[in-house]
Amino acid sequence: MKVSARLMLIQSAWTMTSMQSEGFVYCLLPALKKLFPEHARLKRVINHFHLPINTHPFLVSILAGSILKMEAEGQSQRLTVSYLRTAMTALAALGDSYFHAVLAFSSMIAVLVTLAFGPLPGLLTLLVMFNTVHLLIRFAGIFIGFKKGDATISALGQWIDSGKTRLLRTLTGIAGGFVISMIFSWIAEDFLSLYWIVPIAFGIILLAFVLNLKRSVWGYVLPAFLLLVLISEVLI
Amino acid sequence: MGQALIILGVVFVAGAVLLLERRCLGKPAVVQPLVLCLLTGATIGEVEAGLWLGISLQLLSMGQSHYCNWVLAAISAAGGIAVMSVYDIHLAPGATATVAVLCASILVGIGFDLLDRKMNLSRSVSEQKGVDIWKSEQGGEEFTALIHRNIVRGFLFAGIQSVLGVGLVVTAGYLMLGVAAPAHPEVTIIVALVIPLFGVAVTLGSLSGRLFPLYALIGVAVSVGIGGMI
């Protein structure tokens, strides 16, 4: 539990060179001290993590658990480091597509629906729906990782595999378009007919497609768009 | 003067505490723009402005998680509406002052994110030149000290960022109220719709490459079909 709680601080000492490695050692420290009370051995094990570590902060507990298991079993440094390097990349890829594309967007759709019942239900939906999943993974992940050791990633891959994520993404996309157009028609029904929604929605989706072609321009497009809207509003 | 100092203190402490999550965890989790703005709006009786700012920032942040510190942008926007309501200025969704608050908060987020990156780079260089904690003979305590030091430093820096952010946002809101005449009500409605819709476009664009907008379009078609039948 102490390791799980410390994992909330994993990125506190993030730097360009070592990334999360100092934070990772800090999080594992209570468990490592228990496993290796001998000072010299502890020092040696800590140095296994002297490499740039960077993974998804919500899934790092699973990695921490499996690494602790490998260290407790006395696996070689080569094997541990090689597992660490492979697993952190896989977890980063899984975490980004799952939490960013599926969970965040589906929570937002649920919020838009529940906002019809007032601000408090909407607020609670976002807080509960988004946070329950990652908090559960953060606190349970360390125990799952420790139980399964180096087999954790393949077990996790069965749970959050790319096929399931793709299916969820498709369903979320359809639900997103549905909810957004329903809300839009509900808000705009006073001055727009229902069939105006099609060209407007098509315009938005076309804009989405164009923006997606070159993501690096967003840093400029976003403030420029907002300033353009502001200036237009002032001038009109 | 006393009231201004109290506001300053509250913004410093609240902003520093809220920003710590993103700073220590690396991703916004509990502290999301919609949660912050809506909660602030509901607390001060500005639900509509809080909801509009929250939804706009949340959608934009989901589409573009890099290049901007969205938590700081949300703190600045939420702090901005709260401070302005203390001085009896009430904001409406899509009004020029509200759009100015939104623009200023996003610019604050982008500016401080750039500064954070630069500071991180210089910290990496200085830590490489300094004492190597990996070679230390202590039993891991040096890592604990490093994390604690960074949390305290992060807390202070986040507090300063929040005060500056809220200050800039309030200034932008006040300037807009002073300079621009109130917009035509229909223009305000259109602006109130256009910005969240742009957020939708940005979010859809980022989510899963080229197919996600297509799925969304299917959803729109289904909704229009149902609407037509009704």
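In chain B, 14 residues of domain 1 touch 12 residues of domain 2. This is a predicted model, and that domain contact is one of two interfaces to look at here. The other is between the chains, where 90 residues of chain A meet 96 residues of chain B.

**Domain 1 against domain 2 in chain B**

- The domain assignment splits chain B into domain 1, residues 2-183, and domain 2, residues 185-230.
- Measure from one C-alpha centre to the other and you get 28 Å between domain 1 and domain 2 of chain B.
- Putting these two domains together buries about 1000 Å², with 75% of that coming from carbon and sulfur atoms.
- On the domain 1 side, Leu59(B), Leu60(B) and Ala183(B) account for 40% of the buried area, more than any other three residues.
- If you're after charge pairing between the two domains of chain B, the count is 0 salt bridges.
- Polar contacts between them come to 1 residue pair, with both residues at pLDDT 80 or more.
- Helix H3 (47-63) and helix H5 (96-129) of chain B are the elements that each put two or more residues into the domain 1 side.
- H3(B) has the largest share of that side, with 7 residues.
- Sorted by class, the domain 1 side has 10 nonpolar residues, 4 polar ones and no charged ones.

**Chain A against chain B**

- The two chains bury about 7900 Å² between them, and carbon and sulfur atoms give 78% of it.
- Leu222(A), Leu226(A) and Glu233(A) lose the most area on the chain A side, yet together they make up 8% of what that side buries.
- There are 2 salt bridges across this interface.
- Glu141(B) and Lys33(A) pair up through their side chains in a salt bridge, at 2.1 Å from N to O.
- For polar contacts between the chains, the count is 1 residue pair, both at pLDDT 80 or more.
- Several helices of chain A give two or more residues to the side touching chain B, among them H2 (21-35), H5 (77-114), H6 (119-148) and H10 (218-235).
- That side of chain A breaks down into 60 nonpolar, 21 polar and 9 charged residues.

**A glutamine to look at: Gln161(B)**

- Gln161(B) sits in helix H6 of chain B, which covers residues 141-179.
- Gln161(B) counts as buried because its relative accessible area is 0%, against a cut-off of under 20%.
- Beyond four places in sequence, Gln161(B) contacts Leu19(B), Arg23(B), Leu72(B), Phe112(B) and Asp116(B).

Terms used: Residues numbered from 1 in each chain as written. Chains lettered and ligands numbered in written order. Predicted model: local features only at pLDDT ≥ 70, side-chain atom pairs only at ≥ 80, totals over all residues. Heavy atoms only, no water. Domains from an automatic or database assignment. Contact = heavy atoms within 4.5 Å. Buried area = accessible area lost by both parts, 1.4 Å probe. Salt bridge = Lys/Arg side-chain N within 4 Å of Asp/Glu carboxyl O. Polar contact = N/O pair within 3.5 Å; in protein donor to acceptor, adjacent residues only side chain to side chain. Helix = DSSP H or I, 4+ residues; strand = E, 2+ residues; numbered from the N terminus. Nonpolar A, V, L, I, M, F, W, Y, C, P; charged D, E, K, R; others polar. Buried < 20%, exposed > 50% of the residue type's maximum accessible area, 1.4 Å probe, protein only.
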